[in-house]
Amino acid sequence: MAYSDKVIEHYENPRNVGAFDASDPEVGTGLVGAPACGDVMRLQIRVDDEGVIQDARFKTFGCGSAIASSSLATEWLKGKSLEEAGGIHNSMIAEELSLPPVKIHCSVLAEDAIKSAIEDYKQKRAARVALSEPPALARAEERPAG
Amino acid sequence: MTLKLPVYLDNHATTPLDPRVLEAMLPYFTQDFGNAASRTHAFGWRAEAAVEDARDGIARLINAESGKEIVFTSGATESDNLAIKGVAEYYGEKGKHVVTTVIEHKAVLDSCKRLEKEGFEVTYVGVGKSGVVDPEDIAKALTDKTILVSVMLANNEVGTIQPIAEIGKRTREKGVIFHVDAVQGIGKTPFDVKAMNVDLASISAHKIYGPKGVGALYVRRSRPRVRLGAQMDGGGHERGNRSGTLNVPGIVGFAKACEILEREGVEEAARIRALRDRLYDKLVKALPRVIVNGDMQQRLPGNLNVSFECVEGEGLMMAIKDVAVSSGSACTSASLEPSYVLRSMGLDEADAHSSIRFGIGRFNTEEEIDYVADLVISKVRKLREMSPLWEMQQQGIDLKSIQWAAH
Ligand SMILES: Cc1ncc(COP(=O)(O)O)c(C=O)c1O
Ligand code: FES
């Protein structure tokens with residue numbers, strides 16, 4: 001399989017490898033995939049009070065395309081609002097990295113990881129609000145990510 | 001430094017042509033180009049003489065009774081097909097049961113699948129973690145309807161050597177025809193069709209430093225005489241077993257490759273084994289959690305199949321792109337399923353995804369092995385730093401306790 005230059009570039013110089021403390025209230029964590037399937041992605045976002053993603057980290061067990069997809073995703077996430085981040089579609093990642101058809105699922109995994117990190121952050125935030133605010137307000141915040 | 005990149009460590013897939021083989025072949029493309037079936041002129045006679053010499057040489061390497069027992073084919077895929085379908089066609093009246101193993105090459109397994117469609121019953125005997133079949137399991141699978149047993153000499157993924165002599169003893173006692181796919185083991189581990197009671201054996205030139213597209217099927221002619229239904233009809237070449245104009249240069253090269261192995265094989269195996277052990281020692285000294293897949297002793301000298309835990313095989317191959325190896329990872333296949341051989345050995349699927357096959361051969365050097373070892377060590381470390389599984393494992397989290405969303 002010949003990799004595109006962009007996949008190779010991200011693979012050789014992956015951006016934002018690492019971890020945030022998953023218990024930090026500002027952090028949302030998405031862990032998707034399965035070892036048995038040969039790919040596991042963990043993507044984390046750090047979100048400020050305005051709902052803007054300040055920073056992102058990933059670790060990925062998978063092929064070069066999976067690593068490149070998650071590296072690219074962390075790059076794109078920074079500076080985006082949660083809503084904008086939720087709009088990142090796998091086809092955008094696949095196109096940017098020129099992934100061949102058999103590698104599309106690597107980009108799907110990255111999209112899943114983003115969605116799952118956002119969802120995790122929102123749930124945590126909703127739980128936090130539930131503790132400090134009246135219950136009615138908490139429910140209002142607790143909207144599904146869509 | 002004279003190290004030339006990329007380094008080729010995929011000698012189970014194919015091998016480079018030995019320059020001595022090429023030299024032997026060349027005249028048969030140009031001045032001695034005759035058709036070995038042409039009986040009326042010197043061009044044909046010379047080609048025929050070369051082919052007959054080649055038969056004898058190949059027969060000698062496997063200790064066959066005579067060159068007449070060698071049927072030339074286009075490669076071992078064809079040899080396997082001819083052996084299995086040919087026996088089924090000729091002896092199908094006697095019984096419709098075939099015994100093989102789950103770790104055979106696809107050329108054997110898919111030929112068996114075809115027979116199943118035609119009303120045969122096939123027993124696929126399993127192997128354990130060792131990747132070595134138990135001859136007792138083969139014996140137990142035999143019924144009075146069994147006409148054929150097919151077991152490989154050595155596995156192409158994990159290099160495990162199968163107990164051919166023990167199986168041959170049992171099939172001979174029962175009067176069942178015994179086919180061996182000897183492709184990977186020939187010239188690297190002892191193989192003797194007489195001593196091991198083998199009736200049919202597939203071999204291929206391109207796995208032993210010969211040319212691609214030429215192979216042979218050994219077909220026993222006495223005690224017992226084995227007959228086949230031809231799968232290729234035409235001019236009646238190869239005693240009617242396989243029609244088609246012979247690939248004379250290919251056959252000459254094939255025989256030259258066998259001659260070199262016969263002369264140098266034992267010494268070469270020792271040298272290659274030392275390189276393999278050197279690679280293995282370096283890897284396990286530097287890296288924790290490296291699992292050897294299959295029995296380490298009953299193994300081809302040039303094979304090392306290992307899983308680097310928490311590092312995906314294709315990802316690693318990309319990191320070591322100056323080294324040609326292969327992986328049992330699903331990511332390398334169109335099917336997205338990890339190697340059926342590793343899975344049938346009971347390997348954890350995650351570890352099957354993490355497997356790398358190193359295949360060391362005649363032209364590899366110690367310098368290359370050292371380069372590969374250092375490169376693999378540094379890349380595995382780097383990829384583990386990037387692996388969420390490695391991090392979790394280091395934190396003592398049992399990966400099996402997590403509810404993974406399988407997709
Ligand atoms: C065990 C085994 N059998 C059969 C074959 C097929 O051989 P060929 O490439 O000559 O068709 C191979 C090679 O891939 C092999 O490893
Ligand atoms: S992770 Fe398997 S193909 Fe990308």
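Which residue forms a salt bridge with Arg276(B), and how far apart are the closest N and O atoms? The points below take up this and other features of the predicted model.

1. **Arg276(B) and its partner.** The partner is Asp277(B), and the closest N and O atoms are 2.9 Å apart. Arg276(B) is buried, at 2% relative accessibility. Asp277(B) is partly exposed, with a relative accessible area of 28%.

2. **A salt-bridge network in chain B.** Shared partners link a set of salt bridges into one network. Its members are Asp18(B), Arg20(B), Lys256(B), Glu259(B), Arg263(B), Glu264(B), Glu268(B) and Arg362(B).

3. **Asp18(B) and Arg20(B).** These two members of the network form a salt bridge of their own, with the closest N and O atoms 2.9 Å apart. Asp18(B) counts as buried, at 2% relative accessibility. Arg20(B) counts as partly exposed, at 31%.

4. **A salt bridge in chain A.** Over all chains, the structure holds 37 salt bridges. One of them pairs Arg57(A) with Asp55(A), at 3.2 Å from N to O. Asp55(A) has a relative accessible area of 18%, so it is buried, the cut-off being under 20%. Arg57(A), at 22%, is partly exposed.

5. **Aromatic pairs: the tilted case.** There are 4 aromatic pairs over all chains. Among them is Phe33(B) with Phe43(B). The ring centres are 5.3 Å apart and the planes stand at 35°, so this pair is tilted. Phe33(B) sits in the loop between α1 (19–25) and α2 (42–61) of chain B, while Phe43(B) belongs to helix α2 of chain B. The pair therefore ties together parts that are 10 residues apart in sequence. Phe33(B) is exposed, with a relative accessible area of 51%. Exposed means over 50%. Phe43(B) is partly exposed, at 39% relative accessibility.

6. **Aromatic pairs: the edge-to-face case.** Phe72(B) and Phe254(B) form an edge-to-face pair. The distance is 6.4 Å centre to centre, with 65° between the planes. This pair links distant parts of the chain. Phe72(B) is in strand β2 (residues 70–73) of chain B and Phe254(B) is in helix α7 of chain B, 182 residues apart. Both rings belong to buried residues: Phe72(B) has a relative accessible area of 2%, and Phe254(B) has 0%.

7. **A nonpolar surface patch.** Which residues form the nonpolar patch on the surface? They are Leu17(B), Leu22(B), Leu26(B) and Phe29(B). Together they have about 350 Å² of accessible area. Phe29(B) lies in the loop between α1 and α2 of chain B, the loop that also holds Phe33(B). Phe29(B) counts as partly exposed, at 48% relative accessibility.

8. **A positive surface patch.** Lys68(B), Arg225(B), Arg227(B) and Arg239(B) make up a positive patch on the surface. Where is Arg225(B) found? The answer is the loop between β8 (215–219) and α7 (248–286) of chain B. Helix α7 of chain B also carries Phe254(B) of the edge-to-face pair. Arg225(B) is partly exposed, with a relative accessible area of 44%.

Key
Residues numbered from 1 in each chain as written. Chains lettered and ligands numbered in written order. Predicted model: local features only at pLDDT ≥ 70, side-chain atom pairs only at ≥ 80, totals over all residues. Heavy atoms only, no water. Patch = residues over 30% accessible without salt bridge, like charges linked within 9 Å, V, L, I, M, F, W, Y side chains within 5 Å. Areas by Shrake-Rupley, 256 points an atom, 1.4 Å probe, with all protein chains shown as cover. Salt bridge = Lys/Arg side-chain N within 4 Å of Asp/Glu carboxyl O. Lys, Arg positive; Asp, Glu negative; His and termini not counted. Charge placed at Lys NZ, Arg CZ, Asp CG, Glu CD. Helix = DSSP H or I, 4+ residues; strand = E, 2+ residues; numbered from the N terminus. Buried < 20%, exposed > 50% of the residue type's maximum accessible area, 1.4 Å probe, protein only. Phe/Tyr/Trp six-rings, centres within 6.5 Å; stacked < 30°, edge-to-face > 60°.
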